[in-house]
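Q: Please take a close look at a single part of this model and describe its surroundings. A plain account with the cut-offs will do.

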Amino acid sequence: MAVMLPEGEDLNEWVAVNTVDFFNQINMLYGTITDFCSEDSCPVMSAGPKYEYHWADGTNIKKPIKCSAPKYIDYLMTWVQDQLDDETLFPSKIGVPFPKNFMSVAKTILKRLFRVYAHIYHQHFDAVMQLQEEAHLNTSFKHFIFFVQEFNLIDRKELAPLQELIERLTTKDR
């Protein structure tokens with residue numbers, strides 16, 4: 001219920017506000033485990049052995065590059081912040097319309113933010129447990145998943161690295 005579009009609310013506005021919230025949550029959650037995610041411990045950005053992510057922003061880095069997880073996440077968070085700060089993409093003034101490509105921009109941001117969750121779960125869950133943050137991580141991720149599923153914002157194949165967890169978190173107790 002918490003992710004559903006409130007009556008009378010603009011869909012773009014709802015997606016924008018939630019995208020900003022998820023960015024802030026993921027940034028905070030990742031920030032707590034940065035001591036465990038280093039060039040040495042995470043030389044590639046991955047989500048388990050089957051999924052490796054290469055960075056490209058389409059502007060400064062056009063061809064995807066292989067980089068460490070901390071470098072990838074730094075590139076990602078900087079790129080997302082730049083998108084969120086761009087008034088032509090995420091207008092902050094009432095009455096200023098969203099661009100026609102807003103949903104595709106939001107989908108790309110959310111798809112890439114998912115990769116940070118996937119990396120944390122696959123590579124750093126022990127650290128999350130050690131810090132006693134699993135409830136925060138699970139709650140944030142569950143909200144994220146319900147939201148992206150409600151509005152079909154991430155392709156199912158992109159969610160594959162955490163599919164089992166997603167099914168556990170989103171299946172109602174029988």
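A: What follows covers one acidic side chain, then the nonpolar core.

Residues are numbered from 1 along each chain as its sequence is written. The model is predicted, so local features need pLDDT of at least 70 and side-chain atom pairs pLDDT 80 or more, while totals for chains, interfaces and linings use all residues; side-chain values use heavy atoms, without hydrogens or water.

D57 sits in the loop that runs between β2 (52-53) and α2, strands being DSSP E runs of at least two residues and helices H or I runs of at least four, numbered from the N terminus. D57 is buried but forms no salt bridge. Buried means under 20% relative accessible area with a 1.4 Å probe, protein chains only, and a salt bridge needs a Lys or Arg side-chain nitrogen within 4 Å of an Asp or Glu carboxyl oxygen. K62, the nearest side chain of opposite charge, is 6.6 Å away from D57. Polar atoms of the D57 side chain do lie 2.8 Å from the backbone nitrogen of T59 and 2.8 Å from that of N60. Beyond four places in sequence, D57 is in contact (heavy atoms within 4.5 Å) with W79 and R112.

The largest nonpolar core (buried Ala, Val, Leu, Ile, Met, Phe, Trp, Tyr and Cys joined through side-chain atoms within 4.5 Å) has 57 residues. Elements giving it two or more residues include α2 (69-85) and α3 (102-130); α3 supplies the largest share, 14 residues. F144 is among the residues with the most contacts inside this core. Setting aside neighbours within four places in sequence, F144 touches F22, L110, L113, F114, Y117 and I154.

Conventions. Buried < 20%, exposed > 50% of the residue type's maximum accessible area, 1.4 Å probe, protein only. Lys, Arg positive; Asp, Glu negative; His and termini not counted. Polar contact = N/O pair within 3.5 Å; in protein donor to acceptor, adjacent residues only side chain to side chain.
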